[in-house]
Amino acid sequence: LNIDKDKLIKELVMKGAQLLKERTLFKESYFEVLQYKDSVSALRLRNEDDKTYLTVKKLPDKLNTSFLSRIEYETEVSSYDLMKKILELLGFKEFRYREKYRQSFKIYNCRVEIDEYPKINPYLEVEAENENELKKFMKMFNLPILMSTNMTATQIIGKAGLDPNNL
């Protein structure tokens, strides 16, 4: 949380990180999944550049309390507007729309993403295959475990005193 974005990008590049995606605007719609709340944490429709993805985030069988852990099933769809309409026709109600900028890198078997939402400081999201890979990344960049969080973006936005459903 509260990273120095420019400093982090310089360090990533210096250590050989591969730029996966330039700073890009992401538009996201979240839909209620109340009937599946015991197994599904989110149903998200996301548009980035000229691509649109539908993602279901599933809670893992074993929750990790130190790091946020979700299993994601994602597929590309041809149209944001059409997929949104289909979801609504199936009874899914959109309860959150928000936009952010994201820049993505790959280093040490980790996907490193810098997220920027309006009105809050940029933060770092690191996706790794397992906890050991994540800890290796944190050690290589001198990021203490105490700096990490298992909060979702919604929780981070809420902690900043903003409404995560209206950002």
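Helix H2 packs its buried residues against five strands: S1 (18–31), S2 (40–48), S3 (51–58), S4 (71–77) and S5 (94–107). Keep in mind that this is a predicted model.

Which residues of H2 are buried? In this helix, which covers residues 80–89, they are Tyr-80, Met-83 and Leu-87. Around the axis they span an arc of only 70 degrees, and that places them on the same side of H2. The general background is that an α-helix has 3.6 residues a turn, so residues three or four places apart point the same way. On the face of H2 turned away from the buried side sit Asp-81 and Leu-89, both exposed.

Now the ends of this helix. Ser-79 is the cap at the N-terminal end of H2, with a side-chain oxygen 3.5 Å from the backbone nitrogen of Asp-81. After H2 comes Gly-91, with a positive phi near 100 degrees.

Next, the sheet. It is open, has 7 strands in the order S4-S3-S2-S1-S5-S6-S7, and pairs antiparallel. S4 and S7 (123–128) are the edge strands; each has a single partner strand, so one side of each has no neighbour in the sheet. On average, neighbouring strands are turned by 30 degrees against each other, ignoring direction.

Some pairings in detail. S1 and S5 are antiparallel, over 11 bridges, and one of these links Leu-19 to Phe-105 in S5. S5 and S6 are also antiparallel, over 7 bridges; here Arg-102 has Asp-115 in S6 as its bridge partner. The hairpin of S5 and S6 leaves 2 residues between the strands, and Tyr-108 there has a positive phi near 50 degrees. S6 and S7 pair in the antiparallel sense over 6 bridges, and Val-112 is bridged to Val-126 in S7. Helix H3 packs on the sheet and touches S5, S6 and S7, its direction making about 140 degrees with that of S7.

That leads to the nonpolar cores. Which residues have the most contacts inside the largest core? They are Leu-12, Val-112 and Phe-137, in a core of 15 residues. Two or more residues each come from helix H1 (5–14), S5, strand S6 (110–116) and helix H3 (131–140). Take Leu-12 as the example: leaving aside neighbours within four places in sequence, Leu-12 contacts Ala-17, Phe-105, Ile-107, Val-112, Phe-137 and Phe-141. Phe-105 and Val-112 have come up already, as the bridge partner of Leu-19 and the bridge partner of Val-126.

Apart from this core lies another, of 11 residues, among them Phe-31, Val-40, Val-77 and Tyr-80. Tyr-80 is one of the buried residues of H2 from the start of this talk.

Last, a residue in strand S3, Lys-57. Is Lys-57 buried or exposed? Its relative accessible area is 17%, and buried means under 20%, so Lys-57 counts as buried. What is Lys-57 in contact with, leaving aside its neighbours within four places in sequence? The contacts are Ser-39, Val-40, Ser-41, Ala-42, Arg-44, Ile-71 and Glu-72. Val-40 among these also belongs to the core of 11 residues.

Terms used
Residues numbered from 1 in each chain as written. Predicted model: local features only at pLDDT ≥ 70, side-chain atom pairs only at ≥ 80, totals over all residues. Heavy atoms only, no water. Buried < 20%, exposed > 50% of the residue type's maximum accessible area, 1.4 Å probe, protein only. Helix = DSSP H or I, 4+ residues; strand = E, 2+ residues; numbered from the N terminus. Arc of directions from axis to C-beta. Contact = heavy atoms within 4.5 Å. Polar contact = N/O pair within 3.5 Å; in protein donor to acceptor, adjacent residues only side chain to side chain. Core = buried A, V, L, I, M, F, W, Y, C linked by side-chain atoms within 4.5 Å. Pairing = 2+ DSSP bridges. Axes fitted to C-alpha atoms, helices over the stretch in contact; angles between N-to-C directions.
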